[in-house]
Amino acid sequence: MKKLLYSKYDKTKINSLPPILFDGKIVVVVSESEAERAVDYLLAQPILGFDTETRPSFKKGIIYNVSLLQVASYDTCFLFRLNHIGMASPIIRLLEDRIVPKIGISLHDDLAILQKLGNFTPGLFIDMQQEVKKIGIEDLSLQKLYANFFGQKISKSQRLTNWGADILTEKQKNYAATDAWTCIKLYEELQRLITTGEYELIKEIESENV
């Protein structure tokens, strides 16, 4: 039976979907030595999920630097607290790696804000916003894409929390890890569907008030 996908997913359906949450190991990285070990592990993996978090600003003219870089394998996610360790050399090594694919959403924006902290030449990155266009999907958000592909909801309740706090809450850690990890799942499912052809795309015209 073919999987039904929509060119534009109806976001009003998302709240009724069952939630998805990363259930692997989450490691918070706050020193360069920890970053070295984390990057050694990550660059030994076949594929990685990638995302960042920035402390939100609720005042005009105030923009904060990126606070967190989260990078996940299938079962482990490392949360690099950039507001503590900055762009340490192991992180630069990770970002410049050209062997392990790093999957994300809106990577141009993520890489641009990271480059404000330190100079690096981006290595092998794959942006799901571009990949899904290959089969006619127009959505850009991770939440809508995951709902479309898997029928599950990624919660965004922690998005506007303080990512620059001294200590991250468990909810923040789970949120950050889920965002990175689900990028892997999305990419691999897309590649499976492209290879097998086991999908049908339904063209949807999203109403202007949705």
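This is a guided tour of one structure, going from selection to selection in the viewer. The model is predicted, and the stops below move from a helix pair to single residues and then to a second helix pair.

**First stop: helix α6**

Begin by selecting residues 142-150, which make up helix α6. This helix is mostly covered, for 8 of its 9 residues are buried, and the buried ones are Leu142, Gln143, Lys144, Leu145, Tyr146, Ala147, Asn148 and Phe149. If you ask what the buried residues of α6 pack against, the partners to display are strand β1, at residues 3-6, and helix α7. Just past the end of the helix, select Gly151, which follows α6 and has a positive phi, near 65°.

**Second stop: α6 against α7**

Keep α6 on display and add helix α7, residues 170-196, so that both partners can be seen; the two helices pack at an angle of about 45°, with their axes 10 Å apart. Because of that angle, α6 counts as oblique to α7, and the crossing of the two is left-handed. To look at the contact itself, show the side chains of Leu142, Leu145, Tyr146, Phe149 and Phe150 in α6, which meet a set of residues in α7 made up of Asp179, Thr182, Cys183, Lys185, Leu186, Glu189, Leu190 and Leu193. Sorted by kind, the residues of this contact are 9 nonpolar, 1 polar and 3 charged.

**Third stop: two cysteines**

One of the α7 residues in that contact, Cys183, leads on to the next selection. How many disulfides does the structure hold? The number is 0, and Cys77 is accordingly in no disulfide, with the nearest cysteine sulfur, that of Cys183, lying 10 Å away. Cys183 is likewise in no disulfide, its nearest cysteine sulfur being that of Cys77, 10 Å away. Is Cys77 buried or exposed? Cys77 is buried, with a relative accessible area of 0%, and Cys183 is buried too, with a relative accessible area of 2%.

**Fourth stop: Ile92 in helix α3**

Now select residues 89-96, which form helix α3, and pick out Ile92 within this helix. Ile92 is buried, with a relative accessible area of 17%, and, leaving aside its neighbours within four places in sequence, Ile92 is in contact with Met87, Asn119 and Phe120. To relate this stop to the first one, draw a distance from Ile92 to Phe149, C-alpha to C-alpha: the two residues are 57 residues apart in sequence and 32 Å apart in space.

**Fifth stop: α1 beside α3**

With α3 still selected, add helix α1, residues 32-42, which packs with α3 at an angle of about 25°, the axes being 8 Å apart. The two helices are therefore roughly parallel to each other, and α1 passes α3 in a left-handed crossing. On the α1 side, show Glu32, Ala35, Glu36, Val39, Asp40 and Leu42, and on the α3 side Ser89, Pro90, Ile91, Arg93 and Leu94, since these are the residues that meet. The residues of this contact divide into 6 nonpolar, 1 polar and 4 charged.

**Last stop: Ser106**

Finish in the loop between strand β6, residues 102-104, and helix α4, residues 107-115, where Ser106 is placed. What is the phi of Ser106? The angle is near 55°, a positive value in a residue other than glycine. Most residues other than glycine have a negative phi.

Notes
Residues numbered from 1 in each chain as written. Predicted model: local features only at pLDDT ≥ 70, side-chain atom pairs only at ≥ 80, totals over all residues. Heavy atoms only, no water. Axes fitted to C-alpha atoms, helices over the stretch in contact; angles between N-to-C directions. Helix = DSSP H or I, 4+ residues; strand = E, 2+ residues; numbered from the N terminus. Parallel < 35°, antiparallel > 145°, perpendicular 65-115°, else oblique. Left-handed = near helix turned anticlockwise from the far one by under 90°. Contact = heavy atoms within 4.5 Å. Nonpolar A, V, L, I, M, F, W, Y, C, P; charged D, E, K, R; others polar. Disulfide = S-S within 2.5 Å. Buried < 20%, exposed > 50% of the residue type's maximum accessible area, 1.4 Å probe, protein only.
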